[in-house]
Amino acid sequence: MTTPLDTIKKKRAEAINRILSKGYLSTKRVYVGMATCEIAAGSKDVMEVFESAIKKEGLTDVYLSQKGCAGRCNLEPTVEVVEEGKIPIKYGKVTREMARQIIDQHLKKGEAIKEWTIK
Amino acid sequence: MPRKYVITLCDGPTCIHKRSKELETAIETELARHELSGRVSINLSGCLGMCAKGPVMAVNPQYTVYGNVTADDIPEIISSHILKNKPVARLCIDEDHLYNRFFRVFGDVNFFGKQMRIVLRNCGIIDPENIDDYLSVRGYEALAKVLTEMKPADVITQVKISGLRGRGGAGFPTGIKWELTARQKTDEKFLICNADEGDPGAFMDRSTIEGDPHTVLEGMIIGAYAVGATKGFIYIRAEYPLAIRRLEKAIADARREGFLGENILGSDFSFDIEIRLGAGAFVCGEETALIHSIEGHRGMPRPRPPYPSVQGLFDKPTLINNVETWANIPVIILDGAEWFSSIGTEKSKGTKVFALAGKIKNTGLIEVPMGMTLRSIIYDIGGGIPNNKKFKALQTGGPSGGCLSEDYLDTKIDYESLAAAGSIMGSGGMIVMDEDSCMVNIARFFLEFTQNESCGKCTPCREGTKRMLEILTRITEGKGQEGDIERLERLGNLIKKASLCGLGQSAPNPVLSTIKNFRSEYEDHIKLKKCRAGACTALTGYEITDKCVGCTACKKACPVGAITGNPKSLHLIDQGKCVRCGLCFDTCKFSAIKRS
Ligand SMILES: Cc1cc2nc3c(=O)[nH]c(=O)nc-3n(C[C@H](O)[C@H](O)[C@H](O)COP(=O)(O)O)c2cc1C
Ligand code: SF4
Ligand code: SF4
Ligand code: FES
């Protein structure tokens, strides 16, 4: 008999596979804060910049996701760039223009922009 | 060249007791010896929740956790892990606690590193609108475990052992409430998640739901199984559209995956959840008023007992808990009730989420282990007071809570300690005030709020708060009378005793606590007609001193033309015309205007 625990393990495996098939293992994972507070600070604009860049500029090695609020209200909108084996880079107070530059410099050339990170 | 690392060293009480400070020195020495100080930073954290294996440290990235570390182990950790990227297997503790993941992303930032995340463990690291993300972080495994291995009574025992208490304000032991509901023998029982969140400035519950809605649902489903409820409601205010949308999506996804509805995960347990929108009245967060509101009546409280656990929604036994309370449940089941009860103080277990606001550098949402001091929250996490101002007071518990002065900064976060200090834990509002805040004015602000929100059913609250507000208003207007402080105290204590529900019973708290801790400020207002913070406009005057260089800026700024003077000569304020708006004070670049 399959128990609920068996079922959930199967479901988790399937869920992980679905996430992987969406490109989770890309070199860079980008998380944009999308909660009421983040959106009020302008994160929708930032999300839009990342979305359209990934689509139009063929950034195949980037996985983009929204996320809830981590808690740093006065530094919102926040964006994290996560790479396996590196300390995740956390950007604060990101604007459209900054998002653009993060794409060009960090995502494309691999150079994190130190001045904008949350300490 | 070695990569960059951050070492998180537990600075919690147990680890300190087990000599974690020696590790800190050893790490610093080793780093200096290898000339690594610039590439590796050390971050002291609050309790990491693995006290039994303390002292504990984690190395980021990857958040490799080492336990039972001694100073003698440090050279090996540095030379193997940091220099060669080879973790020291013999010291690794493979504790896959649910919250560790958060720190893999955020652990190296001081603001986050000092926190402990149980309720908010997934907030900010997963996509809240994708059930796959929740499943991938062991989502719904606690539910499956409960359905596979535990009887309803076992679940209740675990919640009791965990020591969890209600996070909605009153701090009632959750396990006992569940047991009481479970004991009722009826054909139907209900369950409610209280997401009304009416405290001004509070957004803990909204953030939890927006960041991780499934954890709330999972907690509720487990609760329903434990007490035998068939139907659940989430009561949430209509002003939270995004939270509502995410809940709706989460409920639909959970139904599709078989976590809600008939025969959950193939078991013979069935349960479903509906959302009910509130109009945003503060009193509707009170459990009996909330129940009336769901039933379609006016949201007015009724006397208790009977408690909702015995007679609640549609007169059936009803288990009602706060959002944050529910969100703790999956972690208690998966990480263990004993583990949970190892965090915190004797009577307050686990963590508490706070919305940190006011005159503080790092405003935001934080989750800290119970037992952390207020000082540590304000200075270590909050970064202290901005603009070199002095700390004056901390308000906790919103309109039902109180203001604590500097003398109480070493108070520990714990239901009893905060109550003893004259405030309450409340649902998690935390407002920092500096020297520019007037305590009488703050008390007035909160009382005005509760006075407005009083439902009017009982006289002490309806009339009493109105009289108190009148007195407070006249004090801030410079018309305070001898004996007003005593009148406020007498009225306040009366309202506390005679009101029907928690709103009235707690409404005087902000006033009584400010009188207790800042009595001299009340006396200044009444006797000297002075507001030392300069916040009560009627009691504040402005004067130009001889520092004035005659730049004319204030003259231009004054909206009523009260300032006269020629360029390059001393200016003067006509006190008869001055409306005490303070604009000149803010305008003068030469600190030539004095506030008195
Ligand atoms: C005026 C008033 C407002 C309240 N507002 C809330 C609220 O917004 N959210 C909440 O969870 N509890 C609120 N409560 C407490 C509830 O009555 C109840 O105790 C709580 O929901 C129980 O859940 P818990 O045991 O998990 O804390 C309020 C109480 C009073 C008297
Ligand atoms: S105490 Fe106030 S809010 Fe509560 S029932 Fe009485 S009038 Fe209504
Ligand atoms: S702004 Fe200051 S310095 Fe300038 S005229 Fe007014 S008081 Fe004098
Ligand atoms: S005090 Fe260090 S793990 Fe608890």
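Me: What area is buried between chain B and chain A?
Reply: About 3500 Å². Buried area is the accessible area (1.4 Å probe) that two parts lose on being put together, summed over both. Carbon and sulfur atoms give 59% of the area between these chains. This is a predicted model: local features need pLDDT of at least 70, side-chain atom pairs count only at pLDDT 80 or more, and totals for chains, interfaces and linings use all residues. Residues are numbered from 1 along each chain as its sequence is written, chains are lettered from A and ligands numbered from 1 in the order written, and side-chain values use heavy atoms, without hydrogens and water.

Me: How many residues are in contact across chain B and chain A?
Reply: 53 residues of chain B are in contact with 38 residues of chain A. Contact means heavy atoms within 4.5 Å.

Me: Why is the pair Glu141(B) and Arg12(A) called a salt bridge?
Reply: The term needs a side-chain nitrogen of Lys or Arg within 4 Å of a carboxyl oxygen of Asp or Glu. The closest N and O atoms of Glu141(B) and Arg12(A) are 2.9 Å apart. That is within 4 Å, so the pair is a salt bridge. The rule finds three salt bridges across this interface.

Me: What makes a residue count as near ligand 3?
Reply: One of its heavy atoms must lie within 4 Å of the ligand. There are 13 residues around ligand 3. Cys548(B), Cys551(B), Thr552(B), Cys554(B) and Cys588(B) come nearest.
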